[in-house]
Amino acid sequence: MKDFFEKSFEIFHEDWPLVTAGTLDNYNTMTIGWGGVGTLWRKPVVSIYVKPIRYTHSFLENNDYFTVSFFDKQYREELAFLGENSGKYINKVEKVGFEPVAVGESVTFKQAKTTLLCKKIYRQDLDISAIPDDVVDTYYTEEAPHTVFVGEVIEIIE
């Protein structure tokens with residue numbers, strides 16, 4: 001059981017999933033390192049954290065569905081590129097050679113080994129006054145704090 005919990009704590013920080021929102025005609029994706037899976041209101045959920053300055057943030061705000069997609073380690077370089085570059089300025093998905101695929105009312109990629117299709121059920125900006133000072137000093141001296149998006153897991157696609 002300990003292995004199960006340790007792995008669940010690592011799936012975001014170590015595996016670098018992509019969060020994607022929008023439709024095949026208009027979507028954006030980014031690599032995320034902060035998130036979790038669990039239950040809320042008796043529903044299976046995923047929680048992700050995205051800063052408002054990120055281009056993907058507006059897609060999460062303006063769409064009811066999003067995906068969280070996990071990849072094999074062979075895609076580490078592509079995931080790093082997708083996290084370091086903005087889809088606002090370049091077609092970063094085309095640049096790394098990923099193939100977008102429609103799932104439900106969102107988008108994933110043919111290269112993903114597992115995708116969680118999520119319906120957004122909650123969002124909240126983190127309250128900087130409730131965050132420990134050392135965390136504020138590390139992450140929020142120049143930018144607004146993250147927004148947490150909670151999605152009900154509608155489907156797990158493998």
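The paragraphs below move from the overall fold of this predicted model to its aromatic pairs and then to the surroundings of two residues, His57 and Lys51.

Taken as a whole, the chain contains five helices and nine strands, and when these elements are read from the N terminus their order is α-β-β-β-β-α-β-α-α-β-β-β-α-β. For a chain of 158 residues, a compact globule would be expected to have a radius of gyration near 15 Å, and because the chain itself has 15 Å, the model agrees with that expectation. Along the principal axes, the C-alpha atoms fill a box of roughly 40 × 40 × 30 Å. Contacts between residues that lie 24 or more positions apart make up 69% of those with a separation of 6 or more.

Turning to the surface, 41% of the 158 residues count as buried, while the chain as a whole exposes about 9,200 Å², of which carbon and sulfur atoms supply 49%. As for charge, there are 16 positive and 25 negative side chains, and the centres of these two sets lie 3 Å apart.

The aromatic side chains offer a way into the interior, and they form 10 pairs in total. One of them joins Phe98 and Phe109, whose ring centres are 5.9 Å apart and whose planes stand at 45°, so the pair is tilted. Phe98 belongs to the loop between α4 (92–96) and β6 (100–103), whereas Phe109 belongs to strand β7 (residues 106–109), and the pair therefore ties together parts that are 11 residues apart in sequence. Phe98 counts as buried because its relative accessibility is 5%, and Phe109 counts as buried because its own value is 3%. A further pair is made by Tyr139 and Tyr140, with ring centres 6.2 Å apart and planes at 50°, so this pair is tilted. In this pair Tyr139 is partly exposed, with a relative accessible area of 39%, whereas Tyr140 is buried, with a relative accessible area of 7%. Beyond individual pairs, ring pairs link Phe98 and Phe109 with Tyr27, Phe71 and Tyr75 into a cluster.

What, then, does His57 touch, if residues up to four places away in sequence are not counted? His57 sits in helix α2 (residues 55–62) and counts as buried because its relative accessibility is 7%. Its contacts, with those sequence neighbours left out, are Val50, Lys51, Pro52, Thr147 and Phe149. By contrast, Phe81 is 24 residues from His57 along the chain, and the C-alpha atoms of these two residues are separated by 18 Å.

Lys51, one of the residues touched by His57, lies in the loop between β4 (43–50) and α2. Is this lysine buried or exposed? Lys51 counts as buried, because its relative accessibility is 14% and the cut-off for burial is under 20%. With residues up to four places away in sequence again left out, Lys51 touches His57, Tyr139, Tyr140, Glu143, Ala144 and His146. Lys51 thus connects the two topics of this account, since its contacts include His57 as well as Tyr139 and Tyr140, the two residues whose rings form the tilted pair with planes at 50°.

Terms used. Residues are numbered from 1 along each chain as its sequence is written. This is a predicted model: local features need pLDDT of at least 70, side-chain atom pairs count only at pLDDT 80 or more; totals for chains, interfaces and linings use all residues. Side-chain values use heavy atoms; hydrogens and water are left out. Helices (H or I, at least four residues) and strands (E, at least two) are DSSP runs, numbered from the N terminus. The radius of gyration is taken over C-alpha atoms; the globule rule is 2.2 Å times the number of residues to the power 0.38. Buried means under 20% relative accessible area, exposed over 50%, partly exposed in between (1.4 Å probe, protein chains only). Contact means heavy atoms within 4.5 Å. Accessible areas come from the Shrake-Rupley method with a 1.4 Å probe; for residues, only the protein chains shown count as cover. Lys and Arg count as positive and Asp and Glu as negative; His and the chain ends are not counted. The place of a charge is taken as NZ of Lys, CZ of Arg, CG of Asp or CD of Glu. Rings of Phe, Tyr and Trp (its six-membered ring) pair if their centres lie within 6.5 Å; planes under 30 degrees apart count as stacked, over 60 as edge-to-face and the rest as tilted.
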